[in-house]
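Me: Hi! I would like to go through a protein model with you, one short question at a time. Could you help me read it?

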Amino acid sequence: MRILTVLILSMFALVGCGGSDGGSGDSSTSHNGSSVSNGGSSERPTTGGGDQTTGGSTGSGSDGTGTGSNTGGSDQTGSGSSNQSMADEMLAAVNAARAQGQDCGGTWMPAVAPLTWDSTLEQTAFLHSSDMANYDYFSHTGLDGSSPSQRVTAQGYSWKTVGENIAAGQKTVSAVMQGWLESPGHCRNIMNGSFTQMGAASDTNSGSTYGIYWTQVFASPK
């Protein structure tokens, strides 16, 4: 695994990773990594082998680079774009965490305002989850080299800040949220008060390494 800058790396059950971007740079992480775009950190994962979760972070700017890729078409179960109950459950879980405040790897993140759901961010999340499921990889960086903020921009969302969490292998919203909250970087993304909206999705492919791939996209509009 290649460390690009510094941040705390955590391993938990199943795979996860967080990253984010701002107008000034790219950040990406996978498996045990986290990333911050405004002079933050980022780690690049390896895939396969074991269940892990990793962190995420934040960025700001007007037009930056984030992770991602954009293809769909695997076996789509539990995907946010087709499953309203998953979207409702995910938003409720994120807002419950934000309402209580969280200990993110020894850093107390106080309670912040709830997020609202955005269908464009949901579609952005689904495209990346589907891409990872279809092409059997796990990274904030898409196969086309795209970053999270690039993916958000490509969907027509005009943003000030963007962040992303990814995970793989977890079967339920509660399981993936537990992993993200136990990972410092992911937890900070969830608790970041600069974000005002989110979208999330999962997609499945029984022939892939982890079977199911999750993406959360956080942002605030201009």
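Reply: Happy to; what follows is a set of questions and answers on this predicted model.

Me: Let's start broadly. How many helices and strands does the protein have?
Reply: The chain runs to 222 residues, of which 58% count as buried. Its secondary structure is made up of 5 helices and 11 strands.

Me: Of the contacts with a separation of 6 or more, what share comes from residues 24 or more positions apart?
Reply: Contacts here are counted between residues with a separation of 6 or more in sequence. Within that set, pairs 24 or more positions apart account for 75%.

Me: Now to the helices. Are α1 and α4 roughly parallel or roughly antiparallel?
Reply: Helix α1 covers residues 84-100 and helix α4 covers residues 173-181, and their axes are 10 Å apart. The angle at which they pack is about 30 degrees. Angles under 35 degrees count as roughly parallel, so α1 and α4 are roughly parallel.

Me: Is the crossing of α1 and α4 left-handed or right-handed?
Reply: From α1, the contact uses M86, E89, M90, A93, V94 and A97. From α4, it uses V173, S174, V176, M177, W180 and L181. As for the sense in which α1 passes α4, the crossing is right-handed.

Me: How do the residues of the contact of α1 with α4 divide into nonpolar, polar and charged?
Reply: Glu counts as charged, and E89 is one of the residues that α1 brings to the contact. On the α4 side there is S174. In full, the division is 10 nonpolar, 1 polar and 1 charged.

Me: Let's look at T120. Which residues is T120 in contact with, leaving aside its neighbours within four places in sequence?
Reply: T120 lies in helix α2, residues 119-135, and is partly exposed at a relative accessible area of 24%. T153 is 33 residues away from T120 in sequence, with 9.9 Å from C-alpha to C-alpha. Beyond the neighbours within four places, the contacts of T120 are Q155 and Y157.

Me: Where does D136 lie?
Reply: D136 has a positive phi of about 55 degrees, although it is not a glycine. Its relative accessibility is 34%, so D136 counts as partly exposed. As for its place in the chain, D136 lies in the loop between α2 and β8.

Me: On to the rings. Is the aromatic pair of F195 and F218 stacked or edge-to-face?
Reply: The structure holds 3 aromatic pairs. For F195 and F218, the centres are 5.5 Å apart and the planes make 20 degrees. Planes under 30 degrees apart count as stacked, so this pair is stacked.

Me: How many residues apart in sequence are the parts that F195 and F218 tie together?
Reply: F195 is buried at a relative accessible area of 1%, and F218 is buried too, at 0%. F195 sits in the loop between α5 and β10, while F218 belongs to strand β11. The pair therefore ties together parts whose separation in sequence is 23 residues.

Me: What is the angle between the planes of Y210 and Y213?
Reply: Y210 counts as buried at 11% relative accessibility, and Y213 is buried at 0%. Their rings are 6.1 Å apart, centre to centre, and form an edge-to-face pair. The angle between the planes is 75 degrees.

Me: Which residues do ring pairs link into a cluster?
Reply: Y210 and Y213 form an aromatic pair, and both belong to the cluster. With F138 included, the cluster consists of F138, Y210 and Y213.

How values were computed: Residues numbered from 1 in each chain as written. Predicted model: local features only at pLDDT ≥ 70, side-chain atom pairs only at ≥ 80, totals over all residues. Heavy atoms only, no water. Axes fitted to C-alpha atoms, helices over the stretch in contact; angles between N-to-C directions. Helix = DSSP H or I, 4+ residues; strand = E, 2+ residues; numbered from the N terminus. Parallel < 35°, antiparallel > 145°, perpendicular 65-115°, else oblique. Left-handed = near helix turned anticlockwise from the far one by under 90°. Contact = heavy atoms within 4.5 Å. Buried < 20%, exposed > 50% of the residue type's maximum accessible area, 1.4 Å probe, protein only. Phe/Tyr/Trp six-rings, centres within 6.5 Å; stacked < 30°, edge-to-face > 60°.
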